[in-house]
Amino acid sequence: DLKGRIRRHNSGEGSEYTKNGIPWKLLYYQAFLDKKDAYAEEKFLKSGRGRDRLKYLLKNTMKSL
């Protein structure tokens, strides 16, 4: 439930890590059929190379924020 997850992050519930960045906006998402693949991608995106890839994919979006 993506909308519910964003709503929880913006309410400050659930995680100490996300409540400092309120309000959150959803800029990008991917869907996976397998939970293991989703976790592996999340781990990659939190790495330096993953962050670089997101910056590349969203360079025009980030300029407009």
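Here are a few short exercises on this predicted model, each with a worked solution.

**Exercise 1. Find out which helices and strands the protein chain has, and in what order they run.**

Start by counting: the protein chain has four helices and zero strands. Then read along from the N terminus, and you get α-α-α-α. To picture the space this takes up, put the C-alpha atoms in a box along the principal axes, and that box is roughly 35 × 30 × 20 Å.

**Exercise 2. Work out where the predictor's confidence is highest and where it is lowest.**

Begin with the whole protein chain: the average pLDDT is 87, and 97% of the residues score at least 70. Next, go element by element. Helix 2 (residues 35-45) comes out highest, at 95, while helix 4 (residues 59-63) is lowest, at a mean of 81.

**Exercise 3. Track down the cis peptide bond and say which part of the chain holds P23.**

Look at the step from I22 to P23: the peptide bond there is cis, with omega near 0°. Now place the proline. P23 sits in the loop between helix 1 (2-11) and helix 2.

**Exercise 4. Decide whether H9 is buried or exposed, and list its contacts beyond four places in sequence.**

First, locate the residue: H9 belongs to helix 1. Second, check its relative accessibility, which is 18%. The cut-off for buried is under 20%, so H9 counts as buried. Third, skip the neighbours within four places in sequence, and you're left with T18, I22 and W24 as contacts of H9. You've met I22 already, at the start of the cis bond to P23.

**Exercise 5. Do the same for E41, then find the polar contact its side chain makes with R53.**

E41 is in helix 2. Its relative accessible area is 14%, so E41 is buried. Leaving out neighbours within four places, E41 touches Q30, F32 and R53. Zoom in on R53: the side chains of E41 and R53 are joined by a polar contact of 2.2 Å.

**Exercise 6. Sum up burial, surface and charge for the whole protein chain.**

Take burial to begin with: 12% of the 65 residues count as buried. Move on to the surface, where about 6,000 Å² is exposed and carbon and sulfur atoms supply 54% of it. Then tally the charges: there are 16 positive and 8 negative side chains, and the centres of those two sets lie 5 Å apart. To finish, look at contacts with a separation of 6 or more: residues 24 or more positions apart account for 33% of them.

Definitions and conventions. Residues numbered from 1 in each chain as written. Predicted model: local features only at pLDDT ≥ 70, side-chain atom pairs only at ≥ 80, totals over all residues. Heavy atoms only, no water. pLDDT = per-residue confidence, 0-100. Helix = DSSP H or I, 4+ residues; strand = E, 2+ residues; numbered from the N terminus. Buried < 20%, exposed > 50% of the residue type's maximum accessible area, 1.4 Å probe, protein only. Contact = heavy atoms within 4.5 Å. Areas by Shrake-Rupley, 256 points an atom, 1.4 Å probe, with all protein chains shown as cover. Lys, Arg positive; Asp, Glu negative; His and termini not counted. Charge placed at Lys NZ, Arg CZ, Asp CG, Glu CD. Polar contact = N/O pair within 3.5 Å; in protein donor to acceptor, adjacent residues only side chain to side chain.
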